Every structure is written in structure tokens, then in C-alpha cells.
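This report introduces a protein model and the ligand that it holds. The sequence and the structure are shown first, and the description follows.

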Amino acid sequence: MSSKNHCRFRVTSGGLISGRITVPGDKSISHRALMLGAIAEGETKIQGFLQGEDTLATAKAFQQMGVDIENDGNLVRIQGVGLKGLCQSNRPIDLGNSGTSVRLMTGLLSAQSFDSELIGDKSLMTRPMLRVIEPLRTMNAEIQCSDRGTLPIHITGGRQLKAIEYVLPVASAQLKSCLLLAGLYAEGTTTIIEPQATRDHTERMFKAFSHPVIREENKITINKANRLVATDMNIPADFSSAAFFIVAATITPGSDVVIGNVGVNPTRDAMLKIMTLMGADIELLNEREQSGEPVADIHIKSSPLQGINIPEELVPIAIDEFPVILVAAANAQGTTRLSGAAELRVKESDRIQSLLDGFIATGIKAEATDDGMIIEGGRFQGGEINSHGDHRIAMAFAVAGMVSAENMVINDCDNVATSFPGFVELAKQAGMDIDYV
Ligand code: S3P
């Protein structure tokens, strides 16, 4: 394997995906389990925790603030310090590549008695933070950031937050969760109105930690908390990681795979609807509930795909899956149109541009718009692409390599470890012809 910062993948076509596989734990749920476990009373034990760089950055941040977190690589044990038990970190908190960590923690730390400084890597330092800072300021938080509205963020402690009613101006679960975490500490009743549904893991997890949440249509209400009660969690496999194998199996003839124990929360699973509209053969088996989250085994068989107009209302519920959905579209018959997805421009990279660059470099006709893309289905020719340090771009093009005329080489793949440690090994085991170069 190449050294850090030079990790590259090479994928050769011809493989197919078969057998039964399990992908790592859900990233969104792992972050939230750490955060709530840290401020709960008692011990929280987490199974299925994602051992990725993003979630480990969150764990380290809470350790820096005095929380005892033991992680043996399998089970994570958190000794909760209670709502007011966190201590000031003696150095800036570095959240690496993780937008979820910084946005959720800005809400939580705005309500603490001490000051905090949050920083991140090159990508995170450019991502928009005013979306969380502005509503937190109206809750009486004191927060400074760069002139561009980015990290570093400095939070002044000792402020009593006040509850607000707030309509989310962007469909963002990170923003909603940030305000709900601040709402645990705010005087009064915090109400969030979300015009479009976004992932609801925070609301589900508040309930698991014994804090009531009321949901009426698109309105979410919580009161200031007296305490959270520790609980044990068994985190399902990450749907967003399973997505790479859902597409890989669909587009490689002869594939037949079951991905076990995957989270299929209805606020996350629109990719299944989009793929089904395109003609994919996907079946949910053994549907059940685990730690308050819907879970299933996903059975996929290969199937030809047609281009579609992706329904805009599905976009926020499939937001992380678009890199690989658009790879599926590039391999489909006909044209696929995506719109209403401007948020893709402010992810770990500008995903519309990163995908466009990758498509053009590998022989696919595509056109970017402000909020989406138009893709002509065709055949990937292969070649060399840059992931722009974006884990999901790297994995999406690895999947494309399975159906390329020539080898696909993907540069700058280190950040795959932020969400999917062991991707190459698992992909190989499942039947992808992939290697480090
Ligand atoms: C996440 C929410 C989404 C998603 C991200 C994880 C979360 O971001 O893209 O990977 O855990 O709340 P936005 O809230 O910015 O859409």
C-alpha cells in the first residue's frame, strides 16, 4: 500500500459482486452516539461503531474535554459526564475532514461554561459554517469565525441559550441536529421546522437517551433537558457505504449479493427508490428494528438501467449517495437529469465539479448545472481521475472501474478511511478487481 497522502486505487473491469458482505457501521449514528453518550449520565456501550477517521475525530474531541472513552476496536464504552460535566480542551479541537463533527459540536459547545476553538483539515476549513452560527447567535450564543464564514470557529462559553423557533433555510440534518443539541440547554421550547425531510437520527437518539422529542408533520419540538440517561446502542451498517456495492452489483452482469444488517431509515434510503426507478433489482429482506433504527439485509442482483429525471423531493434523502448514483446513471441507457442538489457543491469537495471532471476524463458525456447534472449514459473508457480528497468520489469511481474499457486509476484516496476503513479489502472479497498502486 502507498504511504499517506499518496494512496491510489487501480480497478480493472471484469469483476462481479457476489456472496454476503457487511459494511462498517453508520457514520451519522456513530457521531451522535458518542456525543449523547458523553453528556449522558452513566455508561453507554456502543457496538457497531464506525472506526473511521471522522468518528474517531469526534471521540478524540470528547476525550480532550475530559470524557473517558474506551475503544477496543469492537466495543466503545463511554463514561458519561452529564450535561454540564465537559471540561475545556487545552488545545484547539481538530475535527479533520468531518463536517458532521464540527456542525453538531458547535451547537453543543455554544451552551458550555467554557470557551472552545474548532479547526479542521483543508477541505473542512473551506466549508460553510454560517448556516449553524447565525441561528445559534439568535439563541444568544457567542461565536466567531473567519470572514468567509468558515473555520476556525471560536465559541465563548458561559452563555445561557434561549430557545428559538426556526425554519431550516437549507435541507440539512447537520444544521437541524446542531440546533437540537443547543436546544437541550436552551431556556424554553426549541422548535425546528424542516420544509424537506432530512435524516432523523438525532431525534431517534434523543428518545433512546430518554429525552422526549415531539414531531408533528415537519415540526420538531424539544424542551430543555434535565438529564440524558445512558443507554446501549447497536449501530447498523452504513447505508451510504452499502450504496457503493448496491451500484457495483447492479451494473456488473452476473452479480448477486446480500449486504447484511444495513440501516434503512426512511430519511436515508431514497437511493433505493432512485435505483428502482432506473430499473435496479433490489429487495429488502428480514426488515427489523435495532436501537431505534430500521434495519434490513439488502439483496441486489445485476440489472440493466435506464436514465431518469431524478425526482427533486428525493434529493435530500439521498444526498450522500449521488456520486455513486451518477456513476450508475453514466452506465445506464439514455439521459439522467439531477436538479435541486446545490448542496453537493459544499460537501467534502464540490461533488458536481469532481464528478464532472471524472466523467469527462473517462469518456462520459455530462454537463454540470448550478444545482445538478445532465449525464448521457455510455461506457466508461477508464483513465486516471482525481478524487479531490473526497472519499465518496474515490469509491464511486472505483465502482465505475468495474465496467470500464480500460483500467481506472483513482488518485488521492486517503480520505476513504474517513468513512469506510477496509474498503479495498472488502471490495476485493466481494469480487472487485481493485488494488493500491
Ligand atoms: C449528515 C448530514 C448530511 C450528510 C452528511 C452527514 C449528518 O449533511 O451529507 O454526510 O450526519 O447529519 P447536511 O446536513 O449538510 O446535508
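## Two domains in contact

In this predicted model, 27 residues of domain 1 are in contact with 23 residues of domain 2, contact meaning heavy atoms within 4.5 Å. Domain 1 comprises 9-25 + 236-436, and domain 2 comprises 27-222; these bounds come from an automatic or database domain assignment. Taken over C-alpha atoms, the domain centres are 28 Å apart.

The two domains bury about 2100 Å² between them, 45% of it on carbon and sulfur atoms. Buried area here is the accessible area (1.4 Å probe) that two parts lose on being put together, summed over both.

## Basis of the model

Residues are numbered from 1 along each chain as its sequence is written, and side-chain values use heavy atoms, with hydrogens and water left out. The model is predicted, so local features need pLDDT of at least 70 and side-chain atom pairs count only at pLDDT 80 or more, whereas totals for chains, interfaces and linings use all residues.

## The shell around the ligand

Both domain 1 and domain 2 give residues to the shell around the ligand, so the ligand lies between them. The residues around the ligand (a heavy atom within 4 Å of it) include Ser28, Arg32, Thr100, Arg103, Arg199, Ile319 and Lys347. Helix H1 (27-39), helix H3 (99-109) and helix H5 (173-183) each supply at least two residues of the shell; helices are DSSP runs of H or I with at least four residues, and strands are E runs with at least two, numbered from the N terminus.

By class, the shell has 3 nonpolar, 4 polar and 5 charged residues. Ala, Val, Leu, Ile, Met, Phe, Trp, Tyr, Cys and Pro count as nonpolar, Asp, Glu, Lys and Arg as charged, and the others, Gly among them, as polar.

## Distances to ligand oxygen atoms

An N or O atom in the side chain of Asp320 lies 2.5 Å from an oxygen atom of the ligand. For a polar backbone atom of Gln174 the distance to a ligand oxygen atom is 2.8 Å, and for a backbone N or O atom of Ala173 it is 2.9 Å. Taken alone the ligand exposes 380 Å², of which the protein buries 95%, by the Shrake-Rupley method with a 1.4 Å probe.

## Backbone features

Most peptide bonds are trans, and most residues other than glycine have a negative phi. A cis peptide bond joins Leu151 and Pro152, with omega about 0 degrees. Asn261, in strand E15 (residues 256-263), has a positive phi of about 60 degrees.

Note on methods
A polar contact is a pair of N or O atoms within 3.5 Å; within protein, one must be able to donate a hydrogen and the other to accept it, and residues adjacent in sequence count only if both atoms are side-chain atoms.
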